[in-house]
Structures are given as structure tokens and as C-alpha cells.
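Dear colleague,

I am handing over the structure we spoke about, with the sequence alongside. Please keep it open while you read the notes that follow.

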Amino acid sequence: MPVAVETITTASPLRSSHLKKHRADIPDAKDAGSSISQLPKSALAAILLDAAFDEYEHEPFSSSSSSTYSDSSSASESRLLTKATILSLSHVNSVWRTLSLSLPSLWLHLLESELDHGSVIENGSGAGAAVAASMKPLWKRKQWFRELFRRSDPLPINIGSLHHQYNRRPSYLHHINATPVSRARDPELVGLELEYLDRIKTYRVFVDERGWETLSSCVVDQPAEELETLSIAFKPTVLASATASPQLPRNIFCGHAPRLEKISLRGCLPCPEILAVGLRENLKALTVSQVNAQGVAPTAERWLGYLSGMPRLEQLVLKDGAISTPRRQKRSKSSQVSSPVELSSLQELTLEGSVEAVGAVLQRLEFPDFVSLSIVCSDVEQEGPVVDAVLKTFASRVEVASKMGLGSFLSVKGNEGVICISDGTPSLKLELHLSPSNRSALPQPGPYSGFTAPLWETILSSFLNLGSAAFTSLTQLELHLPSAPPSLIKVLSEASHLERLVNLTGVMAKRLLPQLQRELPPTSSTAASPPSRCCSPGPESSLLPQSDSASNTLPHLLPILPNLHTLHFSASEAFVGGGFVALKGYLKWRSLGSNAIRFVQVSTPPPPRGHAQLQFGAEGNGLLVPEESVDALQKLRVGLGYVV
């Protein structure tokens with residue numbers, strides 16, 4: 001009976017290496033007596049492995065070559081094809097079966113795929129029946145799983161890793177479901193898997209209450225010799241959504257997991273034993289997040305005690321209730337001075353929680369200057385030691401980025417409820433959620449002695465004073481603030497390399513640009529050189545020169561932001577009303593010297609598909625700059641452009 005042979009695409013270098021290694025042992029095809037049965041076992045084993053691992057390269061079987069498949073169905077059918085391939089190869093004859101059973105990696109590949117991608121297919125006969133048996137409901141295929149565990153022995157097992165890759169970026173840390181669908185793992189499967197805990201290398205699961213109960217009972221008094229990565233996501237059912245976050249059981253792994261390097265817990269808490277001496281020395285990554293408010297999370301003091309024994313830690317993520325602060329002692333604890341905790345290998349730090357909890361950690365934590373840093377604090381009521389610790393840590397990191405040539409952009413946003421400072425990436429971010437109290441506003445000295453500064457301005461001023469050195473290397477700055485406080489004007493007077501102000505609003509332009517109409521003290525340096533520090537300007541705005549003698553002196557003085565050449569606005573509303581009056585006055589003032597602004601840009605959504613690009617000054621479209629504003633800019637010889 002003729003046998004259909006599928007055309008195999010070129011194997012990858014990794015898989016084809018098995019064949020190349022044993023090519024010399026393959027008999028010459030010209031030999032009439034040669035057949036595949038005469039191949040050396042090593043060469044035949046290489047062929048079997050190459051066929052089994054040729055995943056995602058076969059097109060699913062179809063009656064039409066032009067059939068199209070979605071990514072999910074195509075991947076699913078490819079997995080079924082791989083399973084059918086492995087089982088079919090083991091059913092050819094006794095020689096092939098004996099050889100296939102002697103290849104643990106063959107069955108390990110099938111086992112890991114089975115554990116991650118279970119489904120139900122139609123029953124069949126022969127090898128198809130074996131495939132069908134392997135895909136039946138869990139309660140019918142327990143024996144099949146046990147057989148795969150036996151055939152793959154003694155190789156280490158990775159469960160929940162085929163479609164989840166541990167990643168160091170904070171934005172990928174929470175995708176820890178072991179299956180492609182967000183569905184709790186079957187408790188029976190959890191129990192079956194953990195019977196082989198001594199072989200598990202990676203374990204990533206998503207469980208509910210029943211799965212958690214099974215998991216907790218299986219990891220007690222059982223060592224985990226091979227375990228390197230433990231990632232557990234706990235989410236209770238809807239009826240138990242108010243359940244407090246559970247804690248990993250005591251005496252987990254019998255206190256013995258010598259290779260454990262990565263722990264990720266979402267919706268649950270670690271137990272003291274898993275972070276005790278003997279288990280934490282080799283930890284390189286620790287993530288705890290989404291802890292229910294009713295859960296008793298470790299305090300900042302306790303976390304610091306755990307961290308003191310993790311010299312190899314490279315990634316630390318504590319967020320969403322992972323750090324608690326005792327209510328009665330939170331004020332006194334913030335002022336205590338204790339020995340510092342050094343994490344010399346740390347590369348990424350993410351802390352989220354109350355400012356008391358986060359500040360208490362940062363007051364004692366020491367780590368390299370180049371660490372990726374993300375801090376989000378809530379309940380900021382007033383200035384104090386913990387707020388100072390947060391600001392000092394972040395300002396220091398911003399200055400380091402500046403010195404390393406990585407600090408060319410900074411975004412400063414704030415209002416009465418929040419302050420957010422970042423470099424535009426998750427690698428450097430500070431977010432403070434404000435809850436002003438009656439004591440939070442402090443009188444300002446000097447000309448502002450009768451003025452009470454809002455909390456956002458007080459805290460922002462503290463940051464600007466701490467991180468002023470970073471502004472000297474900025475080339476782009478984004479500002480979204482209710483006003484332009486004197487501390488901001490002071491640091492801008494040192495931003496000699498700043499070339500662009502981006503995402504300005506009409507309100508920001510109205511309040512900032514008039515205060516920038518000032519000259520720096522005369523120096524012998526050129527416009528390209530960093531200007532000297534100037535005094536903080538007063539609240540009044542500089543006006544245009546009133547005499548020719550005044551205008552004659554302008555070319556010899558440097559304005560604040562001497563290298564500024566582009567102003568970018570987030571919307572066209574800045575080109576009407578008071579915002580445009582301030583913009584036009586500033587452009588005119590700069591044009592009187594040799595440091596004129598050359599470009600003004602405005603962001604606009606891309607045109608609808610099938611429509612032509614919008615033209616400047618077109619009527620009937622509120623997204624564009626009004627024609628009178630366009631004419632005013634042309635008279636000042638300032639280029640106008642839209643940025644999509």
C-alpha cells in the first residue's frame with residue numbers, strides 16, 4: 001500500500017544538528033540492500049527527535065492548500081500533529097518502539113505539551129486512538145500522564161513554560177498564567193504534577209481555592225531538588241472574591257530547594273520559611289503583587305530583614321499591597337535609623353504602596369546607581385522623612401542617568417492629586433498620589449511669605465532642588481503643571497542644552513512662557529556653553545524692550561534656555577486665547593536676539609483612511625491651527641508643522 005510522504009521544510013540548525021552528527025553513519029542509498037531498518041540506532045534516534053521537535057513548521061492537514069487558519073487554531077493543530085508524530089513513530093514496529101522508549105527527551109516534550117495544552121478530540125484507531133486517549137478528560141487520562149512521567153524520567157520538567165517566558169521588564173511580570181486561557185488549573189492535575197516535585201524545574205500555575213488547597217498540601221515536607229522557578233497566581237472564585245490573600249504553607253519544600261532562583265506570587269503571600277536562611281541565598285528575582293487588603297503582608301521592616309539575606313537578588317517587585325505598615329507605629333517607624341541593607345546585584349526595583357511603607361524601605365535599602373527604578377506611592381499627606389527618602393532616591397537615579405548620557409528626556413506632570421516624573425519608559429518612573437492635609441501646605445519665604453504653596457508644588461520643589469544637576473543635560477522636557485513655580489524656573493535657567501519643550505498645553509504656555517522672558521547674567525561663555533546659575537525670578541513677567549538701547553543689549557545676553565529652538569504643543573487649543581498671546585509674546589521676544597525659536601509643532605490625530613492629509617488653516621476642522629495664528633507665526637518667521 002503506498003505511503004503518503006509529507007514534504008518537510010528545512011529544519012532549523014538546532015534540530016538538524018542531530019542529523020548532521022550522524023550523517024556519516026547512514027548507509028549509501030545506492031546500496032540495494034540498504035533500508036531505514038539498517039540505520040545505526042544513533043542516526044535513527046536523531047531522525048525521531050528531529051521529527052518530534054519539528055513543531056509549528058508543518059501546515060495543518062487540509063483538503064485545500066489555500067485554506068487559511070487563525071493563529072490559535074493553527075498552533076493547536078500543529079501541536080496535535082506533533083503528538084500524533086511522536087506516538088505514530090513509536091508504533092511503527094518493535095525496533096522503533098524500543099528505540100523511542102529509550103529516548104526520555106521525546107516523551108518529556110510530549111509531557112510538557114500535554115500538561116499545558118489539554119483538549120478533547122475524536123476517538124480513532126491505532127496511533128490515532130493513542131492520541132485520543134492522551135487527550136481525554138483529566139480523570140480518564142491520569143494513567144497516561146503517569147506513564148509519560150515514567151518514560152521521561154529522570155529529566156527535569158518545566159510546567160507552565162511553553163507559553164510563558166520569565167521576563168525582567170515590569171510590564172511582563174504579571175503574565176504568569178501557565179495556560180494560554182485565564183482558567184484555574186484543575187486541582188487533580190496540580191496534585192498529580194506535584195507528586196513529581198523532585199523533578200520539577202519550573203512550575204507556573206494559576207489556581208483558585210480548590211487548587212490552592214491541593215498545592216498547599218503537596219509542597220509540605222517534600223524537598224524540591226531541581227526547582228528553579230516558582231510562579232503562582234491565586235484568584236478566588238466570584239463567591240469568595242473578598243477572601244484574604246493566602247500564605248504559602250509553613251515547612252514548604254521541607255526547607256530544601258537549593259536551586260530556587262525566581263519566585264513570583266500574585267494574589268498570595270510568601271511564608272517566612274521560603275524567605276528564610278537556606279532558601280533565599282540563591283534568589284535572583286522576587287515578585288509579590290495583587291495582595292488582598294485583608295491579607296497580612298510583611299511590613300517594611302520584615303521585608304528588609306528578608307532582603308538582607310539575598311545577596312544575588314537582581315529583580316525585586318513589591319506592589320499592590322505587598323508591603324504593609326502598622327497603623328500605630330507608622331509615624332515612629334519612619335524616623336527610626338537602622339543598619340542599611342545592601343543589594344549589590346540589583347538591576348530592577350519596583351515598589352508600590354503607601355508612602356510610609358515605600359519610604360521606610362528606601363530609607364535603608366542600598367543598591368547600584370544604574371538600577372531600573374519604578375516607584376508608586378499613595379497617601380502622601382505632607383513632607384517628611386519618608387517622602388524625602390523617596391525623592392532623594394529617585395533624584396539620585398535621574399542624575400546618574402544624566403551622567404551616563406541616558407537622561408536626554410524628562411517628563412514632569414502634576415496637579416492637586418498626583419505628581420508623575422519619568423524618562424518616558426518604565427525604567428525610570430516616580431508617581432506620588434497626594435492626599436493633602438491641613439498641615440501639608442507651608443508658607444514660602446521671601447516675596448511669597450504670605451502665600452501658602454500647595455502640596456504638589458512643595459514636593460515638586462524638593463525634587464527639583466535634589467535633581468537640579470540632571471537638567472543640565474536634558475535636550476527635551478515635557479511639562480504638565482498647574483503653574484510654573486519659581487523652583488522650576490530656577491532649574492530651567494541651568495538647562496543650557498535643552499532644545500525642545502514638548503506636549504505643552506495652552507494653560508502651561510500661558511503660565512510658563514512669560515516667566516522665561518529673562519536673560520541670564522552676562523558671562524564670557526558662548527550660547528552653546530552652560531550658563532551660570534541665576535537667581536530665582538520674581539512673579540512678574542518680563543516685557544518687551546521699551547527702548548532701542550535695551551534692544552541693543554539683547555544680542556550680548558543669553559536668554560533662559562539658550563539652545564531652545566522648538567516648541568511642541570499637544571493640541572491646537574494652545575493657538576487661541578491667552579495661551580497664544582503668551583506664545584506670540586515669547587516668540588517675538590526671542591526673535592530680538594540671536595536665539596530665536598525656529599519651529600512650532602502641534603500634535604494631531606492621523607487623517608481617516610482614504611482622506612487626504614489636512615492642510616494648515618483649513619476651515620471646518622477644530623484640530624487645526626486657526627488661519628490668523630498661522631499668519632502671526634509666518635510674520636515672526638517661525639515654521640509650523642503638524643506631528644501625527
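To begin with a pair of helices in this predicted model, H18 and H19 are roughly parallel to each other, because their axes cross at roughly 10 degrees and angles under 35 degrees count as roughly parallel. The two axes, of H18 (residues 577–591) and H19 (residues 627–635), come within 10 Å. On the H18 side the contact is made by Phe-580, Lys-584 and Leu-587, which meet Ser-629, Ala-632 and Leu-633 of H19. By type, the residues of this contact divide into 4 nonpolar, 1 polar and 1 charged.

Helix H14 (residues 455–466) is worth a separate look. At 1.5 Å a residue, its 12 residues should span 16 Å, and this agrees with the 17 Å between its end C-alpha atoms. Since 10 of those 12 residues are buried, H14 is largely enclosed by the rest of the structure; among the buried residues are Trp-456, Glu-457, Ile-459 and Phe-463. The elements against which the buried residues of H14 pack include helix H13 (385–403) and helix H15 (486–492), as well as strands E10 (372–380), E11 (409–414), E12 (418–422) and E13 (428–434).

Lastly, there is an acidic side chain in a strand: Glu-352 is found in E8 (residues 348–354). Glu-352 has a relative accessible area of 18% and is therefore buried, the cut-off being under 20%. Leaving aside residues up to four places away in sequence, Glu-352 touches Leu-318, Lys-319, Asp-320, Val-358 and Val-376.

With best wishes

Methods: Residues numbered from 1 in each chain as written. Predicted model: local features only at pLDDT ≥ 70, side-chain atom pairs only at ≥ 80, totals over all residues. Heavy atoms only, no water. Axes fitted to C-alpha atoms, helices over the stretch in contact; angles between N-to-C directions. Helix = DSSP H or I, 4+ residues; strand = E, 2+ residues; numbered from the N terminus. Contact = heavy atoms within 4.5 Å. Nonpolar A, V, L, I, M, F, W, Y, C, P; charged D, E, K, R; others polar. Expected span 1.5 Å × (residues − 1). Buried < 20%, exposed > 50% of the residue type's maximum accessible area, 1.4 Å probe, protein only.
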